[in-house]
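Work through these exercises with the model open. Each task is followed by its solution in steps.

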Amino acid sequence: PVLADIILRFPTVHEALVPYAILGLGVAGVSVEASNRDEVDDTSFAWKLGGGLDYFLDPQWILNVELAYWSADTSLPGTSVGTAGTTFWTLGAAIKYLF
């Protein structure tokens, strides 16, 4: 998936700890080999909704954790699937550097 994220940060009394909500909108691609051995490709609208927490070690370095729910519906003509709804949860952790 390729998404553009909209992030809403919530200021706190403790400036080093910043929670946020995230909405991602974009596209997801899928490729499936059908029963007749033909490959079926589709690109469809995708979105994610989640939340996270940034911990500022200093003004440039951040530790991050994020939980998000993802969804995309794909059309797979010529397969027994027809339409496939792809949904999943992700839990990620990261180290960020701000320029």
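**Exercise 1. Strand pairing**

Which residue in E3 does Ala21 stand opposite? Then trace how the strands around it pair.

Solution. The model is predicted, so treat each position as a computed one.
- Step 1. Ala21 stands opposite Gly51 in E3.
- Step 2. E2 and E3 pair in the antiparallel sense, over 17 bridges.
- Step 3. Turn to strand E1, residues 2-9, and strand E2, residues 17-33. These two also run antiparallel, with eight bridges between them.
- Step 4. Pick one bridge of this pairing: Ile6 has Leu23 in E2 as its partner.

**Exercise 2. Salt bridges of Asp54**

Find the side chains that form salt bridges with Asp54, and state whether Asp54 is buried or exposed.

Solution.
- Step 1. Arg9 forms a salt bridge with Asp54; their closest N and O atoms are 2.6 Å apart. Arg9 is in strand E1 and Asp54 in strand E3, 45 residues apart.
- Step 2. Lys96 also meets Asp54 in a salt bridge, at 3.3 Å from N to O. Lys96 belongs to strand E5 (residues 82-97) and lies 42 residues from Asp54 in the chain.
- Step 3. Check accessibility. Asp54 has 0% relative accessibility; buried means under 20%, so Asp54 counts as buried.
- Step 4. Check the partners. Arg9, at 39%, is partly exposed. Lys96, at 26%, is partly exposed as well.
- Step 5. Look at Arg9 again. Arg9 lies over the face of Tyr20, 5.4 Å from the ring centre.

**Exercise 3. A salt-bridge network**

Which residues are linked with Asp5 in a network of salt bridges?

Solution.
- Step 1. Asp5 and Lys48 meet through their side chains in a salt bridge of 3.5 Å, N to O. Strand E1 supplies Asp5 and strand E3 supplies Lys48, 43 residues apart.
- Step 2. Add Glu66: Asp5, Lys48 and Glu66 are linked in a network.
- Step 3. Compare exposure. Lys48 is buried at 7%, whereas Asp5 is partly exposed at 39%.
- Step 4. Place this in the total: the structure holds four salt bridges.

**Exercise 4. An aromatic cluster**

What is the geometry of the pair formed by Trp47 and Tyr69?

Solution.
- Step 1. The ring centres of Trp47 and Tyr69 are 5.8 Å apart, with 55° between the planes. The pair is tilted.
- Step 2. Trp47 lies in strand E3 and Tyr69 in strand E4 (residues 61-76), so the pair ties together parts 22 residues apart in sequence.
- Step 3. Both are partly exposed: Trp47 at 29%, Tyr69 at 25%.
- Step 4. Ring pairs link Trp47, Tyr69 and Trp89 into a cluster.

Terms used:
Residues numbered from 1 in each chain as written. Predicted model: local features only at pLDDT ≥ 70, side-chain atom pairs only at ≥ 80, totals over all residues. Heavy atoms only, no water. Phe/Tyr/Trp six-rings, centres within 6.5 Å; stacked < 30°, edge-to-face > 60°. Helix = DSSP H or I, 4+ residues; strand = E, 2+ residues; numbered from the N terminus. Buried < 20%, exposed > 50% of the residue type's maximum accessible area, 1.4 Å probe, protein only. Lys NZ or Arg CZ within 6 Å of the ring centre and 35° of its normal. Pairing = 2+ DSSP bridges.
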